[in-house]
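This report describes selected features of a single protein chain. The sequence and the structure are shown first, and the description follows.

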Amino acid sequence: MERSRGELTSPKNMLIELPNVWTILGNVILIPTAHLFLSWLSIKLPSKWFQAPTARQAPSSLSLYEKCFHIKKWKKLLPDAAPMFDGFSKKRLASTEETYLIQFVTECRRGQFSHWSQWCVISSFIVWNPWPACIVILLYSGLSNLPCILNLRYTELRIYKFLDKKKHT
């Protein structure tokens, strides 16, 4: 069954067709709900799911984050929603003790999971959006989560580097 050229560009080419008002309400309500719910859910998951393996990855890629992504220039602008849900704050280091730093790494990994989940779930909202809005949804889901994922991974690698230096001194 072949589609005509007009069908391919029609805004009605959605997997789930909803009236415009429901599409808009769905996006306006469900996108922030997905962010908040998945953040809350991630905090409720057991810490052991996010603990780093004993063999740590060498933090050799720190320069990639610094030179390619210029992470030091913008990382301080990112919010930390974990305290909103009584989670572990990752805005600043409160200690340099090894147990605290290992917990910090665990929480960075939890945050990465949360943001990857948000990216996937929000991207799935394209099923009820028309073609041009799908691009906006995909761009939004990437741009709202990728900086957080990069920052959390960068922080995790920096803590590994610090722990390695501390171990060798």
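The sections below treat the pocket, the salt bridges and the surface of this model, which is predicted.

## The largest pocket

The largest pocket has a volume of about 970 Å³. Its lining comprises 41 residues, of which Asp80, Lys90, Lys91, Asn151 and Leu152 are the closest to the centre. Two or more lining residues come from each of H2, helix H3 (62–68), helix H5 (98–123) and helix H6 (131–167). Of these, H6 gives the most, with eleven residues.

By residue class, the lining of the largest pocket is made up of 17 nonpolar, twelve polar and twelve charged residues.

## A salt bridge between two residues at the pocket centre

The structure holds five salt bridges. One of them joins aspartate 80 to lysine 90, with the closest N and O atoms 3.5 Å apart. Aspartate 80 and lysine 90 are ten residues apart, and each is placed in the loop between helix H4 (71–74) and H5. Both residues also appear among those closest to the centre of the largest pocket.

The two partners fall into separate accessibility classes. Lysine 90 has a relative accessible area of 18% and therefore counts as buried, since the limit for that class is under 20%. Aspartate 80, at 22%, is partly exposed.

## A salt-bridge network involving H5 and H6

A further salt bridge forms between the side chains of glutamate 156 and arginine 109, at 3.3 Å from N to O. This pair links distant parts of the chain, with glutamate 156 in helix H6 and arginine 109 in helix H5, 47 residues apart. Glutamate 156 also meets arginine 153 in a salt bridge, here at 3.1 Å from N to O. In contrast to the link between helices, arginine 153 and glutamate 156 both lie in helix H6, three residues apart, which is about one turn of the helix. Salt bridges with shared partners thus join Arg109, Arg153 and Glu156 into one network.

How buried or exposed are the members of this network? Glutamate 156 has a relative accessibility of 2% and so counts as buried. Arginine 153 is likewise buried, at 16%. Arginine 109 has a relative accessibility of 26% and is therefore partly exposed.

## A nonpolar surface patch and tryptophan 22

On the surface, Val21, Trp22, Ile24, Leu25, Val28, Ile29 and Leu30 form a nonpolar patch. Together these residues present about 680 Å² of accessible area.

Tryptophan 22, one of the patch residues, is located in helix H2 (residues 20–44). The residue is classed as exposed because its relative accessible area is 54%, and that class begins over 50%. Helix H2 is also among the elements that give two or more residues to the lining of the largest pocket.

## Proline 19 and tryptophan 128

Proline 19 is found in the loop between helix H1 (5–9) and H2. At 45% relative accessibility, proline 19 counts as partly exposed.

Which distance in space separates proline 19 from tryptophan 128? The two residues are 9.6 Å apart, C-alpha to C-alpha, although 109 residues separate them in sequence.

Key
Residues numbered from 1 in each chain as written. Predicted model: local features only at pLDDT ≥ 70, side-chain atom pairs only at ≥ 80, totals over all residues. Heavy atoms only, no water. Patch = residues over 30% accessible without salt bridge, like charges linked within 9 Å, V, L, I, M, F, W, Y side chains within 5 Å. Areas by Shrake-Rupley, 256 points an atom, 1.4 Å probe, with all protein chains shown as cover. Salt bridge = Lys/Arg side-chain N within 4 Å of Asp/Glu carboxyl O. Helix = DSSP H or I, 4+ residues; strand = E, 2+ residues; numbered from the N terminus. Buried < 20%, exposed > 50% of the residue type's maximum accessible area, 1.4 Å probe, protein only. 1 Å grid on protein atoms, 1.4 Å probe; cavity = no way out; pocket = protein on both sides within 12 Å on 5 of 7 lines; lining within 4 Å. Points joined across faces, edges and corners; volume = space filled by probe spheres on them. Nonpolar A, V, L, I, M, F, W, Y, C, P; charged D, E, K, R; others polar.
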